[in-house]
Structures are given as structure tokens and as C-alpha cells.
Amino acid sequence: QLVVPDPELAERLRKGMAEVETRLRETATDSPDPLIGQAAGYLLDAGGKRWRPLLVLLGAQFGDPERASVLDAAVVVELIHAASLHHDDVMDEAPLRHGVPSAHLRWNNKIAILVGDHLVARGATLSVDLDEAARRMQAQAFERLVRGQVREVAGPRPGQDPVEHHLEVVGDKSASLIALAVRLGGICAGADAATVAALGEYGEALGVAFQLSDDVIDIVSGADRAGKAAGTDLRAGVMTLPALLAVREGGRLGEILATGPVEDADLRAEALALLRSSPGLAAARAEVARYAGRARAAALRLPDGPARRVLEPLCDLVASRSS
Ligand code: FPP
Ligand code: MG
Ligand code: MG
């Protein structure tokens with residue numbers, strides 16, 4: 001897991017994240033309607049690694065991390081993320097999230113979508129107190145996140161290379177929030193412009209690496225290892241990078257995947273097995289490493305210090321994570 005060599009920073013992050021956790025739950029579940037309160041706490045209680053708020057706190061170390069808006073920003077980013085997962089699991093018909101039945105199975109599609117909306121609304125209320133620059137950055141990232149999901153659903157534009165399309169989607173739907181997290185931390189803590197820019201580039205590359213490694217994990221993990229069922233993407237017809245590269249190669253695997261969602265369980269098992277040993281999977285892993293390298297280069301442009309010495313190895317951690 002994440003190693004924080006500097007004991008003072010480790011303690012600051014530990015305290016900050018404990019505070020974020022309390023505030024996150026309070027903010028999400030604060031509603032006059034008990035059903036909303038209960039449903040909004042459900043997935044937050046189930047888990048999640050809280051990478052985004054942690055990245056906000058790390059970005060804030062390049063300014064004054066004690067500013068009140070830093071914690072607000074950390075909570076807001078996680079609320080948007082949690083909201084997007086509620087909507088995403090409906091769209092992907094995902095049975096599991098954080099190792100528990102997804103909100104749309106625990107309740108139903110309508111409730112899951114509305115809980116997502118509630119979380120966005122709570123985030124909007126909380127961000128009222130952020131500086132204008134922070135609010136604008138947050139709103140733009142949110143818009144980009146939605147656009148990424150729309151592009152994923154709509155598929156490649158006429159003539160657009162599917163792999164290029166996928167990387168665009170990944171940048172917009174995933175890297176947007178990761179980049180927002182680190183940049184927002186820097187902005188809210190009053191870091192200088194060059195540092196905020198480097199944080200943004202770091203987050204962007206780390207975010208792409210993170211999501212592409214998610215694509216890889218969907219294929220290589222055994223059932224439930226990531227708190228999600230293996231092959232979820234295949235079943236929903238979501239073409240991940242390894243799958244897209246496999247289709248390019250053709251063969252039996254290309255034949256199965258080219259037809260869209262792989263609903264048949266036996267066929268899906270066959271596709272998964274073929275994917276696991278495909279050159280596409282190896283190429284996808286190489287792409288993850290390439291983006292991780294890009295993130296590391298951006299980290300090296302940050303002022304040296306304990307926070308940079310956490311952000312740097314995080315690149316390798318993301319590249320090598322398996323769950
Ligand atoms: C997970 O991807 C989903 C995202 C990163 C973004 C989802 C964005 C939306 C649903 C936009 C609308 C959001 C709101 C709040 C209005 P994935 O399905 O590839 O990953 P998974 O395996 O974790 O499900
Ligand atoms: Mg999904
Ligand atoms: Mg999805």
C-alpha cells in the first residue's frame with residue numbers, strides 16, 4: 001500500500017483523512033428524508049479507497065494544508081465520485097460495488113440514480129464556500145466527467161480510431177476527477193500557479209494510468225477480487241483497452257468481442273481466458289506503464305519535499321496494482 005516516509009506528513013494525512021471520512025458521511029447522509037440518508041450512506045459505508053480525497057490532501061501540502069477549504073474540497077471530490085458510481089453501476093448493470101450489491105440492486109434503478117443526484121447536490125452545497133477559481137475548476141471537471149461517460153456510451157465518432165476514442169473517454173471520465181483532486185488541493189492551499197499546473201499534469205497522467213489498470217484488473221482478477229465481478233465490462237459491452245487491442249488482432253477473441261456485450265456466461269469465460277494471455281493485455285499493461293512514467297515526470301517538476309516523495313512512488317503503485 002501507500003508508504004508515507006515522513007512521520008509528520010503521515011500523521012497530518014491520517015488526521016485529515018479521518019476528518020474527511022466523518023465529514024463525508026455527515027454531508028452525504030444529511031437529509032430530512034430517512035430513505036435518502038440511509039441509501040446515501042450505503043456505498044460509502046461499504047468501502048472505497050478514498051484515493052481522491054487523499055490526493056486533495058497531498059496536493060494541499062504544496063501550500064498551506066491547514067486551510068479549511070482543503071477538507072471541504074476533499075469531501076466534494078469524493079461526493080462527485082460516489083455519485084458517478086451510483087449512476088455508472090446502473091448503466092453498466094454492475095452487480096457489485098465495494099464488495100456489496102450495487103445500490104440499484106439493494107434498492108432499484110430509480111433510487112440509485114436519485115441518490116447519485118442527491119450526492120451531487122450535497123457536493124454543490126458544500127462547494128458554495130470554496131473560492132471562485134476552485135468552484136470553476138470543479139464545475140469544469142464535473143462537466144468533463146459527464147462528457148466522458150457520454151462518449152463511452154455513444155462510442156467512437158465516425159472514422160475515429162476505437163483505441164483513440166477509448167483513451168479520450170478514459171481521460172474524460174476518470175483522469176478528470178483525479179486531476180481535479182490534486183489541483184484543487186493545491187489551489188485551496190494557495191500553492192503557486194506553476195505547482196498547480198504540475199499537479200494537474202500529474203493527476204491527469206496518474207488518472208489515465210489508474211483507469212487503464214482498472215481495465216486490466218477487470219480481466220485478470222478472480223471473481224470479487226476488486227469488490228466487483230470479473231468480466232463486468234465484457235458483459236456490459238464496455239470495450240476496455242485490452243479488448244480493443246484484441247479486436248484489432250482478430251482471431252477467435254476478436255470474433256467474440258466484435259459482437260458487442262458478451263452476455264453468455266460460457267462465452268464470457270472463454271473470452272476472459274483468451275484475453276488473459278493475449279498480446280492486447282500485455283500492450284495495455286505497457287500503456288499503463290507509459291502513463292505512470294508521464295505522471296512521474298510531472299511529479300519531478302514539483303518542489304521537492306515529503307509530499308513529492310509520496311506522489312512519486314504512487315505512480316509505480318498504480319502501475320503495479322492488482323486489485
Ligand atoms: C466508472 O468507470 C465510471 C466513471 C469513472 C465515471 C462515471 C460518470 C458518470 C456516470 C457521469 C455522470 C455522473 C453524475 C454524478 C451525474 P467504469 O465503469 O469503467 O469502472 P468500474 O469498473 O469501477 O465500474
Ligand atoms: Mg462501471
Ligand atoms: Mg462504466
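Hi everyone, let's start with the pocket: sorted by class, the shell around ligand 1 holds five nonpolar, six polar and five charged residues. Before I go on, please keep in mind that this is a predicted model.

In total, 16 residues surround ligand 1. If you want to zoom in, the closest are A83, S84, H87, D88 and Q149. Which elements give two or more residues to that shell? They are helix 4, running 68-92, helix 6 at 109-127, helix 7 at 132-154 and helix 8 at 162-188. Helix 4 provides the largest share, with five residues.

Now let's move along the chain to helix 11, residues 241-249. Which of its residues are buried? Those are L241, P242, A243, L244, L245 and A246. The cover over these buried residues includes helix 8, which we just met in the shell around ligand 1. Also among the covering elements are helix 9 (193-220), helix 10 (232-236), helix 12 (251-258), helix 13 (265-276) and helix 14 (279-299). Right after helix 11 comes G250, with a positive phi of about 75°.

Two of those covering helices, 12 and 13, deserve a slide of their own. Their axes come within 10 Å and cross at roughly 135°. Helix 12 is therefore oblique to helix 13, and the crossing is left-handed. On the helix 12 side, the contact is made by R252, L253, I256 and L257. Helix 13 brings L267, E270, A271, L274 and L275 to meet them. What classes do these contact residues fall into? Seven are nonpolar, two are charged and none is polar.

Last stop, for those of you who like checking backbone torsions: two loop residues. R50 sits in the loop between helix 2 (34-46) and helix 3 (51-60). Its phi is near 60°, a positive value in a residue other than glycine. Is R50 buried or exposed? R50 counts as partly exposed, because it has 18 C-beta neighbours inside 10 Å, while buried would take 20 or more.

The other one is E93, in the loop between helix 4 and strand 1, which spans 96-97. E93 is not a glycine either, yet it has a positive phi of about 50°. With 14 other C-beta atoms within 10 Å, E93 is partly exposed, since a residue needs 12 or fewer to be exposed.

That's my tour, folks. Thanks for listening, and I'm happy to take questions!

Technical notes: Residues are numbered from 1 along each chain as its sequence is written. Chains are lettered from A and ligands numbered from 1 in the order in which they are written. This is a predicted model: local features need pLDDT of at least 70, side-chain atom pairs count only at pLDDT 80 or more; totals for chains, interfaces and linings use all residues. A residue is near a molecule or strand if its C-beta atom, placed from the backbone, lies within 6 Å of it. Helices (H or I, at least four residues) and strands (E, at least two) are DSSP runs, numbered from the N terminus. Ala, Val, Leu, Ile, Met, Phe, Trp, Tyr, Cys and Pro count as nonpolar, Asp, Glu, Lys and Arg as charged, and the others, Gly among them, as polar. Two residues are in contact if their C-beta atoms, placed from the backbone, lie within 7 Å. Axes are lines fitted to C-alpha atoms, for helices over the stretch in contact, and angles run from 0 to 180 degrees between N-to-C directions. Angles under 35 degrees count as roughly parallel, over 145 as roughly antiparallel, 65 to 115 as roughly perpendicular and the rest as oblique. A crossing is left-handed if the near helix is turned anticlockwise from the far one by less than a right angle, and right-handed if clockwise.
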